[in-house]
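Biologist: I am new to this structure and would like a close look at a single part of it. Could you take me through one sheet carefully, and then add what surrounds it in your account?

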Amino acid sequence: MGAEPMRVLVLGGGSEIALRAVALLSSERDVRCVLAARDAPAARARAVELGAERAVVGATTWDARDADRHDAAVAAAVEVLGGLDAAICAVGSLGHASGQSSATDVWSLMTANAAGPAAALASVARAMSARGGGSIVVLSSVAALRPRRSNYPYGAAKAAIDAFARGLGDAHPSLRVQVLRPGFVRTRMTRGLAEAPFTIGSDRAARAVVRALGARRSRTWYVPWVLRPLFAVLCALPGPLWRAVAGDR
Amino acid sequence: MNGVRVSGWGRTSWAEVTEVPVVAGAPTAWPDAGVPRGLGRSYGDAAQVDGGSVLVPSAPVPGPEWRGAGTVRVHAGTSIDELLRWSVPQGWFVPVSPGTRFVTVGGAIAADVHGKNHHRDGSFCAHVRRMRVATPGEGTVVARPGDDVFRATAGGMGLTGVVLDADVRMLRIATSWMAVGTRRVDGIDDMLACLAEADGGHRYSVAWIDLLARGASLGRGVVSAGDHAMVADLDAKRRADPLAYAPRVRAGVPDAVPGFVLNRPVGRAFNEAWFRRAPRTRDGEVVGIAPFFHPLDALSDWNRLYGRRGFLQHQFVLPDGREGALRRVVQRLADGRAPAMLGVLKRFGPAGEGLLSFPQSGWTLAADLPDGPEARALLDSLDEIVVQAGGRTYLAKDARMRPRHLPSMYPRLAEWRRIADRLDPDRRLTSDLDRRLGLRGSPRGR
């Protein structure tokens with residue numbers, strides 16, 4: 001174990017991928033972690049279930065849709081941790097986003113998956129830059145790459161946070177911002193949904209988060225890697241063909 | 001078999017009963033009049049029937065066993081104390097813990113008990129995935145959430161059958177310690193605001209309210225909110241064995257405490273000292289499970305403190321938005337001639353599916369009063385306020401309510417009666433509570 005503990009903030013502290021990543025990280029080195037979650041007590045219990053109980057030092061209530069709470073939540077975490085070395089942004093929900101969504105559904109989804117996390121990341125970036133830098137992993141999705149009929153609001157929100165995170169990395173030389181684009185990951189969020197090709201478990205996504213946290217410069221990652229060439233092709237397909245391949249009929 | 005004299009925990013009314021052990025599975029012969037009885041922690045007369053029988057778990061009770069991740073199958077005669085001693089060192093906590101751990105799982109289901117986490121986790125039966133209930137009319141029934149038998153037995157005060165065992169979903173914990181924050185509040189408005197705020201960020205919350213304070217101090221008290229501590233919350237010594245759990249119970253109270261020990265001046269002095277001792281605000285204090293959840297269990301037989309006349313434990317709930325009625329009740333308790341000592345105030349979350357289950361969204365207040373005519377008159381007047389505001393009193397604690405309030409307090413009573421009559425057509429299951437309030441209703445065809 002390293003001499004100095006790694007101080008980590010998880011935005012979306014109930015996320016299975018993030019908590020597994022923290023658990024994995026804490027098996028390799030000394031980690032102190034604060035969870036920012038809509039339901040802080042539930043995030044704590046989930047952390048214990050997923051083996052992150054030795055790393056988690058606190059949980060703070062934070063709802064991505066609450067415009068006034070981002071700075072306060074980040075400040076609280078920085079105070080508890082005595083600094084901030086890394087952040088994992090794993091907030092988000094699939095919602096019931098489809099063509100039939102109501103205005104409030106769409107607003108809620110866009111805020112929870114894009115506007116809220118972007119605001120929190122801005123706050124994190126300021127806190128890190130003031131202390132000489134840090135490492136940020138943002139969980140995007142391949143859904144960000146091309147909208148599908150069945151879940152385009154989710155895809156649109158992910159596209160927004162994806163672009164925001166890449167910009168954040170470009171704009172702050174002291175930050176290393178990693179944009180992770182997983183395919184279908186088997187988690188509590190996706191339980192009951194039909195699995196896509198190249199589906200992975202949350203442990204594999206967690207390993208990717210840990211690896212990305214150690215990267216020396218900002219970049220985008222596909223999990224699994226094969227999705228990169230695959231989506232290069234898929235994004236180039238004409239619309240009807242894409243819809244057929246994407247299962248949107 | 002010889003008659004035994006039993007009472008509820010409040011020791012206000014006594015019954016001469018025959019104890020009938022329930023041996024492995026359903027009773028072989030049902031008594032003419034009987035009710036299940038566990039550890040006798042219901043305060044009133046729910047677990048006794050004068051001149052009848054009490055169905056008691058036969059020792060030894062089989063131990064708990066895991067049924068898949070996080071779900072435990074536990075015999076109804078097992079106490080929460082035994083369950084915790086088994087589960088905590090393995091990193092699991094009961095989903096709901098009442099103020100004492102000396103209740104059986106069967107009793108916890110029959111009263112659908114709640115704890116400091118009701119605002120987010122609901123009552124005990126919300127975490128029961130399956131139970132087996134022995135009934136006089138339909139034999140042994142497997143009940144699952146949503147079933148008639150489940151909805152009638154959850155909070156059914158033991159009047160639908162004998163719960164044999166239950167599958168309970170447990171809560172994962174990292175340590176056997178609690179991280180607790182405390183706020184001292186000077187009046188009732190602050191208290192309600194503080195409690196509502198604490199609920200958002202913490203699994204457990206409760207307030208202790210000084211029911212003897214008047215005037216500007218009316219409703220003053222101490223709000224505490226807690227969560228299961230993480231390993232990082234512990235000091236190095238505790239970190240070595242974060243799940244260590246060995247709660248101790250101190251020697252009891254003798255059976256002959258004079259009745260005047262807990263009177264108004266003593267109560268006032270005690271409350272004052274206790275209020276002053278609490279810090280105005282303190283966070284991150286680490287305390288054990290027992291002092292956080294079961295403070296009264298530290299002293300066994302504490303109910304004897306009230307002497308021979310016994311005490312009335314009273315608890316009611318008022319719906320959200322009826323804070324005015326709550327203030328009136330607190331005012332009346334403070335003005336009353338019967339001294340209510342410490343009250344416990346808490347916000348409930350939504351109701352569960354038990355047809356006679358007590359908790360519903362809103363504010364709940366519990367208070368102890370030494371039994372006597374003034375106390376009973378006072379509680380009668382509180383019932384009127386509670387009924388008018390759409391609230392209800394808690395049957396597991398009741399020893400004196402008037403039967404006429406029952407249907408308005410428990411609007412699903414008729415549905416419950418239909419199911420209870422199906423499960424026990426000859427009405428063999430009855431209790432002094434049932435007789436006093438007419439829970440089962442007037443007998444059919446008579």
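Modeller: What follows goes through a sheet of chain B, then one residue, then the contact between two chains. This is a predicted model, in which local features need pLDDT of at least 70 and side-chain atom pairs count only at pLDDT 80 or more, while totals for chains, interfaces and linings use all residues. Residues are numbered from 1 along each chain as its sequence is written, with chains lettered from A and ligands numbered from 1 in the order in which they are written.

In chain B, four strands (DSSP runs of E, at least two residues, numbered from the N terminus) form an open sheet with mixed pairing and the order β1-β2-β4-β3, where two strands pair if DSSP finds at least two bridges between them. Its edge strands, each pairing on one side only, are β1 (3-7) and β3 (34-36) of chain B. β1(B) pairs with β2 (residues 14-22) of chain B in the antiparallel sense over five bridges, and B:A15 in β2(B) is the bridge partner of B:V6.

Turning to one residue, B:H118 belongs to helix α3 (residues 118-121) of chain B, a helix being a DSSP run of H or I with at least four residues. B:H118 counts as buried because it has 27 C-beta neighbours inside 10 Å, the cut-off being 20 or more other C-beta atoms within 10 Å, with C-beta atoms placed from the backbone. Leaving aside neighbours within four places in sequence, the residues in contact with B:H118 include B:K346 and B:F348, contact meaning C-beta atoms within 7 Å.

Between the chains, twelve residues of chain A are in contact with 14 residues of chain B, and α2(A) gives the most to the side of chain A that touches chain B, with six residues.

Notes. Buried ≥ 20, exposed ≤ 12 C-beta atoms within 10 Å, placed from the backbone. Contact = placed C-beta atoms within 7 Å.
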